[in-house]
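Student: I have a new model open and would like to learn how to read its pockets and helices. Could you walk me through them?

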Amino acid sequence: MLDGRGEVGVGLAGRHVAVGHPGAFSRFDGVLDRHLAEQAREAADCLEPLAPYLAGDRLALVKAASTELATLAERLPLVYRHGDYETRNWLYDQDTGRHGLIDFSTAAPGVAATEFVWLCGAVWPTRTDLRDVYFTGYGRPLTGDEDRLLQLLTARLGASYLRTGLAKQREDLIQRGHLVLDRMAAHRR
């Protein structure tokens, strides 16, 4: 178990080497833009089916994800991302406090905030204290645009959990979707 000093944030910060300013690589031949446009479309596809199940502020988050995602990332610097930064890919030595990563199969240039979506949607909603510890270790807070992108991507993830849970009658995904969207709405205030 990580001891709360931000080792995981330190580990990722060391890997997020800036690869250029927002326009330096033509956004990697449109790969990043297509990915975020796909995320925006998924959010848009969730709007109608989820409308009966969401309060207005939660639905507004999903709508914002559907309209803002593609353009927001254009203003952000690129880093070299791990691409699958979830606990299943972390190695941690409690004796030394050293953190490592495995599985670089999805590593690629991208926007740093996309790296934190799983943490924001699955870990931080139930352990809000870990967000501050994480970014202390990371060495800096997110910028306003990075935080907005993270919130919208995480809202899209929450909408996806909820939509899938409703379609497959999976209470765990329904609850997770509501939890994520509730947290994102609270964060927005």
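Tutor: Happy to; we will look at a pocket, then at two helices. Keep in mind that this is a predicted model.

Student: What is the volume of the largest pocket?

Tutor: Here is the general idea: rolling a probe the size of a water molecule over the atoms shows where empty space is left. In this model, the largest pocket has a volume of about 480 Å³. Its lining has 22 residues, and those closest to the centre are His 35, Arg 81, Gly 83, Thr 114 and Val 117.

Student: Which elements give two or more residues to that lining?

Tutor: They are helix H3 (31–50), strand E5 (108–111), helix H5 (117–123) and helix H7 (144–168). H3 gives the most, with five residues. Sorted by class, the lining has twelve nonpolar, five polar and five charged residues.

Student: Now the helices. Why does the span of H7 agree with what it should be?

Tutor: At 1.5 Å a residue, its 25 residues should span 36 Å, and the end C-alpha atoms are indeed 36 Å apart. Burial adds to the picture: 18 of the 25 residues of H7 are buried, so this helix is largely enclosed by the rest of the structure. After H7 comes Gln 169, with a positive phi near 55°.

Student: And where does H4 bend?

Tutor: At Ser 66, by about 40°. Even so, H4 (residues 56–72) reaches 23 Å between its first and last C-alpha, close to the 24 Å expected for 17 residues at 1.5 Å a residue. Ser 66 is also one of the buried residues of H4, which include Arg 58, Leu 61 and Leu 69.

Terms used. Residues numbered from 1 in each chain as written. Predicted model: local features only at pLDDT ≥ 70, side-chain atom pairs only at ≥ 80, totals over all residues. Heavy atoms only, no water. 1 Å grid on protein atoms, 1.4 Å probe; cavity = no way out; pocket = protein on both sides within 12 Å on 5 of 7 lines; lining within 4 Å. Points joined across faces, edges and corners; volume = space filled by probe spheres on them. Helix = DSSP H or I, 4+ residues; strand = E, 2+ residues; numbered from the N terminus. Nonpolar A, V, L, I, M, F, W, Y, C, P; charged D, E, K, R; others polar. Expected span 1.5 Å × (residues − 1). Bend = angle between axes of the 7 residues up to and from the residue. Buried < 20%, exposed > 50% of the residue type's maximum accessible area, 1.4 Å probe, protein only.
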